[in-house]
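Me: Hello! I am new to this structure and would love a guided tour. Could you show it to me and then take my questions one by one?

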Amino acid sequence: MKMLRLSALGVSAVLAGIALPMTASAQQKIQAPTVVIGTTDPKATFVRSILYRDFDYGDRVRPLDIDPVSAPAAFLADGAPNYAFFSKMKVRGVLIPRLDQRGVRITYYDVKLARLMQDAVFHVPVVPALRPTEIRDSVMRVHATRDSLTHLGLMRVEFVWDSLRTVARGKRDKDKKKQLIVQAKRDSLMMETIAEGMRIRAAAVRDLVERDSVIPVLVFHDSVARDSLTYMNRMAVHGVSDEVTRWITGQRGYAQSRLVYVQNGILRVVDSDGANDRAVTNSGSALSPSWHPSGNRVVFTDFANAGTQIAQVDIWTRQVKFVEATRRGMNVTPAYTPDGRRIVYAAGGIGPTDLVITEADTLVPARRFSYATQETSSPSFSPDGSRLAYISPRRWQGNGADARLTPQIFTMNVDGTGEVQLTPSVAGVRSYRTSPDWSPDGSRVAFMQQQGDFQLWTVDVFNRKMNRLTYVGENEDPTWAPDSRHLAFTSNRSGAKEIWVLDTLTGRYRQLTYRGGARLAAWSKLLTTGQLMQASTP
């Protein structure tokens, strides 16, 4: 029975022009080059760990460890690899990370050619040690000077007070009028002396309170600054692994990127390897996030009782700013134009939703972007910004009153011309297709299709050939990685909705989030260390 079902599936796939998943034998033909990552520098262990994981998750380079017992024989006295040793392991190359004063030095040797291929130094932010003791000592030194001045001031007040009291006990002037004048002046000086002493003591109390309060604040800010540099350091090393991937394979990796997703209405940002998962909004009302090209802002739909409105959030300051050109109502699925200056989203009311466009940072009223006869939503730009993928319902069964509408994937020019239906509408076959995402290389559009349950598909932009990617569980909302090979998506295959990553070439999966209720992910472009440093600086 299983053989018959598979045969039927195969025939149906051929007739429909659908590519089936890659078989195990086909996957074996896709061999990633094996590279050993070894280092004799204990300070470079952190760098080595990130490189290893990035290569593993990137699926283009297969990282390999060296057995500690064999390690002494693997490298020569000058630190170069023992080619004879590694040739027996059948590895492509040896990668040696080291740390020096300039940053991270990466040396790559080709085992087959037995020669040095690349040697480069990459700048990474330096992460200083925590300085609570130094901060406390510095504050205490400042306040020690103030304490000395306070002590001198009180000594002066006490000296003047004693002097005035001594004069008061001395010989009195026989002239009563002069005596009253002198006594009045003396009493006035004594009151001023008392007041000055009270001011000095009050200032001393304030200094004490300030000292006790400012130390933890300064320590906290020092810790925050260090955490920021630690994050920048880590992202910079991701950039190193991406560039080294290009050395070895000719194609850059995608590790120096991150994703935004929604969990219980909260926007969260996470690195491509699952690290640094943090919330960037506080309210539980976010939907449909999309990245600004800079990777420092996210546009999303904010839901409230009065309707939805388009909003932006700075992922560093967590400041939310509503796009005031939109009023609450029906405003959904926003996306930035490739230059980041405008936002395209679906807006509607009594009539069908249509794509509109507005400025991202100015109060320019939204205007219609398309004039489709049917509802349109879920815009996704091609890499060059010349075309747009979107969904729109089309008839799939019957005529007249019996006709039904289900969404299909379309593309058009940004001026509204040249509409093309990418996914076919087959008479009598219900095919609900939505959530398009155009690949960064421009060749495919990923989407989800419902025929009983939701699964992930791609369609070739040029020949319209469709390829089913997933079969297990419910799989929704695909988003492309910067390498146009990996997809992140929502799946319940682990029992709860989480974000997963799929290698569309080999069919390998990995789970990215472990929070439950994660969905609606969007993948950023490749970032640069300069962008990250500039954005995180107050």
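**Strands, cores and confidence**

Reply: Happily! Three bridges connect strand 12 (residues 307–314) with strand 13, and the two run antiparallel. Strands here are DSSP runs of E with at least two residues, helices are H or I runs of at least four, and both are numbered from the N terminus. Two strands pair if DSSP finds at least two bridges between them. This is a predicted model, where local features need pLDDT of at least 70, side-chain atom pairs count only at pLDDT 80 or more, and totals for chains, interfaces and linings use all residues. Residues are numbered from 1 along each chain as its sequence is written, and side-chain values use heavy atoms, leaving out hydrogens and water.

Me: Which residue in strand 13 does V313 stand opposite?
Reply: Strand 12 and strand 13 run antiparallel, joined by three bridges. Opposite V313, in strand 13, is V320.

Me: Which are the edge strands, pairing on one side only?
Reply: Four strands form an open, antiparallel sheet in the order 10-11-12-13. Those that pair on one side only are strand 10 (286–291) and strand 13 (320–322).

Me: Which residue in strand 6 is the bridge partner of V104?
Reply: Strand 5 and strand 6 (residues 115–122) run antiparallel and are joined by seven bridges. They form a hairpin with four residues between them, and A114 in the turn has a positive phi of about 55 degrees. The strand 6 partner of V104 is F122.

Me: Which element supplies the largest share of the largest nonpolar core?
Reply: A nonpolar core is a set of buried (under 20% relative accessible area, 1.4 Å probe, protein chains only) Ala, Val, Leu, Ile, Met, Phe, Trp, Tyr and Cys residues joined through side-chain atoms within 4.5 Å. The largest one has 19 residues, and L51, F55 and W247 are among those with the most contacts inside it. Strand 2 (34–37), helix 3 (45–58), strand 5 (103–110) and helix 7 (176–249) each supply at least two of its residues. The largest share, six residues, comes from helix 7.

Me: What does W247 touch, not counting residues up to four places away in sequence?
Reply: Contact means heavy atoms within 4.5 Å. With residues up to four places away left out, W247 touches I106, Y108, Q118, A120 and F122.

Me: What pLDDT does the chain average?
Reply: pLDDT is the predictor's confidence in each residue, from 0 to 100. It stays under 50 over residues 219–226, while 73% of the residues score at least 70. The chain average is 79.

Note on methods. Buried means under 20% relative accessible area, exposed over 50%, partly exposed in between (1.4 Å probe, protein chains only).
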